[in-house]
Amino acid sequence: MTSTSQTITDERLRRILELERQRDYSNGAVAGGLDGFLNNYLAGSSTMHSPAADAIRALPNSGYGGLAKHERNAWLEDVLRALGGRPAPSRAATPRPPRSSAPPPPSPGIDSPITVLKGIKAGLADKFEKLGVQTVRDLLFLFPRRHIDYSNLRQVGELTPGEEETVRATVWSADEKRLGARKGTEATVGDDSGMMKVVWFNMPFIARQLRTNAEIVLSGRVRLYKGRPSFENPEWELWDGQEELTHTGRLVPVYPATAGLTGRNVRRFARAALDGYLDKLSDPLPEALRQRLGLGDIRKAVAQAHYPDTLDELAKARRRLAIDELLPLQISVLLRRQLWQKAGTADSIALDEELKSSFLATLPFELTSAQQKVLDQLLEDLARDVPMSRLLQGDVGSGKTVVAACGLLAAVKSGRQAVMMAPTEVLADQHFRTICGLFGAESDGPIVEATPPYLDRPLRIGLLKGSMGAKQKTAVHEAIRAGDVDLAIGTHALIQEDVDFPNLGFVIVDEQHRFGVMQRAALRDKSERSVHMLVMTATPIPRSLYLTLYGDLDVSVIDELPPGRKPISTRWWPPEERDGAYAFLRGQVDAGRQAFVICPLVEESEALQAKSAVQEYERLKSDIYPDLEVELIHGRMAGRDKDAAMQRFRSGEAQILVSTSVVEVGIDIPNATVMMIEGADRFGLSQLHQFRGRVGRGADQSYCLLLSESPSLEAQERLRLLEETNDGFRLAQADLEIRGPGEFFGTMQAGLPDLRVANLLDTRLIELARTEATTILDDDPDLSKPEHAGLKQIVARLFERVSDELH
């Protein structure tokens, strides 16, 4: 080594030792301690007996790290004097400025806007707002979607191509260069084991931040360049041996993204929020509960959720934070149940055994044991003066409507009005026809009168929906207001302000998940007294989900199909067999049956590659089945046209009905044996199962034909599962796991909680939260104890109605 090289080495040693002095002889100037650096100095030194080299060799076997602080001080100052370094600065006391008489300004709190963080101006705050972040608290609880493991620290010579790895090296050079069409940064870095090239495309500014001889940490996927390891666009940060790593060399967080806000910036500001405000975060969970469940402190959990030391610590943190989300949610639904029941007494609606038996005797079938069990639960609830709040689940074709009809009969016999609300006009029409039929009436007008032999007076049934003419609507409104309608069936039109029920006692909401909380509340509030409410769904809801969404409801399940019901044969027809599917459908029509053809969109969308119902209708009518009667319905048709098309199909005048998803529920055509679904890969499992349930209502074998041009591997898995089973509960659980709760229920669902950590599939943790919520409310029904103050604040934010009651 030349004397010039030795001078450079000595200069670097001097700078490192001066940094160690600044750090109060903490052995922290170099990552891992000074001893490794000193040994490297000796290995590269050409002067065997320089004063600095002799001093290093004179260290004990335990090295610099084994010295006491005062010994490090003396040794280091001797070496620096030998190297010509600056003497240690005087430690004379610095005079304090005079104390201000004015009180200090209040320090920003955790609920301050994020602009209190250095570097966040209004423009950047707007971008954070797109991620739901407005305050420092929001940023602390903006948890990473995942972590990249950059903790695998290697020397340059040990890097493995294709692996995610980290190196700590020295910058040899860094220049702004043209890389392809744009400028970028090209750097050469190295350590004792070798050197490597690093490039950052489209980021020329990095070259200005990398000084020669600076220590740098780089993390990314290792690539080969001319036979040597290299990095392209790695994460990086300068290393001074003191600051904790943020972007490299550890489990690095990956946050949700939005335009104009890089992951690196989100990490930087999340770190700033943690460093400056984490200690201001109060723990909402009582200490006794934390000890009982083995949960750590909230501050540690938040820190580890962002920047975990290990994967095990990350798992512990996420469990703690999941309980923080689920516990207030369960308290809220239990309080909502209390509010419902405490809002006032409901009229007892009893159905005596003789009347029930007389009604059931008119049915052309016997109830299944599951139907009988659920009916007993329903009638027991209605007979009490505590408002019923029950969820009735039943797979397609399981017979929910008959059970509901018994409840309607009980209301009428007790002198109360009853309401049945459906999400679509098609389903409302179906319910109207079914209920009229069950009570022996023709559904030939908006208000009909039934005279069942087991009742001592006529039973009047009304239909109300948005597409009805003004004259019909007015007539139904006036009849309801006068008490001349016993059973009102309809859509959202039932909750309009000008619809008044003088004597409402029982409310049924069908396909519960399609209505928002406010719509259900509006219907319930149509009565001055508390009413009994039954919500029904043909979409089986997995236990973890109904505990969260419908935890305020008692649950009944009809898990048995009527005897003799044949399983629907389901098959996925690949594109090359499409003609065979058309021929199969024609064979069924030729045998006197009817068929549905479902398309996912009303208008053509190249992006989704889905058939539009309008275009498919025209194609089937002109090209495939020109000799058959084909009808069309979709959600954008006028109600009158839709009703006419449905009537022609129901009467058998038309053999094929082309439709969008408006027929997902509520269509009952016993003669229909074929359900052909175009673009089947575009629907979820539960929705496909609902479509399939529109056939198989008669005695003949029914079929579901799934057509899909180019399904993804995931879609193929869904279609094969549908081929394998007719079990709606199994399909619902699979659908929830594949698509998640939001997609499972669709965009119309109101009330899905905004969970950042908790998983609505984690039944065990949800049930634990439910148990703890019950325990807390049994001990402290209004959350008035001091240890529950934090929980009370969170619950109040969750539900305004609960908030009003708690305050």
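**Notebook: helix α7 and its surroundings**

I started with the packing of α7: its buried residues (buried means under 20% relative accessible area, exposed over 50%, partly exposed in between, with a 1.4 Å probe and protein chains only) pack against α5 (122-129), α6 (136-140), β9 (235-238), β10 (251-254) and α9 (298-306). A note to self: this is a predicted model, where local features need pLDDT of at least 70, side-chain atom pairs count only at pLDDT 80 or more, and totals for chains, interfaces and linings use all residues. Residues are numbered from 1 along each chain as its sequence is written, and side-chain values use heavy atoms, with hydrogens and water left out.

Next I listed the buried residues of α7: Val 266, Arg 267, Phe 269, Ala 270, Arg 271, Ala 273, Leu 274 and Tyr 277.

I then checked the length of α7. The helix has 15 residues (263-277), so at 1.5 Å a residue it should span 21 Å, and its end C-alpha atoms are indeed 21 Å apart. The expected span is 1.5 Å times one less than the number of residues.

I moved on to Leu 545, which lies in helix α17 (residues 543-549). Leu 545 is buried, at a relative accessible area of 0%. Its C-alpha atom is 9.0 Å from that of Leu 736, although 191 residues separate the two along the chain.

Last, I looked at the whole protein. I found 26 helices and 24 strands, taken as DSSP runs (helices H or I, at least four residues; strands E, at least two) and numbered from the N terminus. Of the 807 residues, 51% count as buried.

Terms used: Contact means heavy atoms within 4.5 Å.
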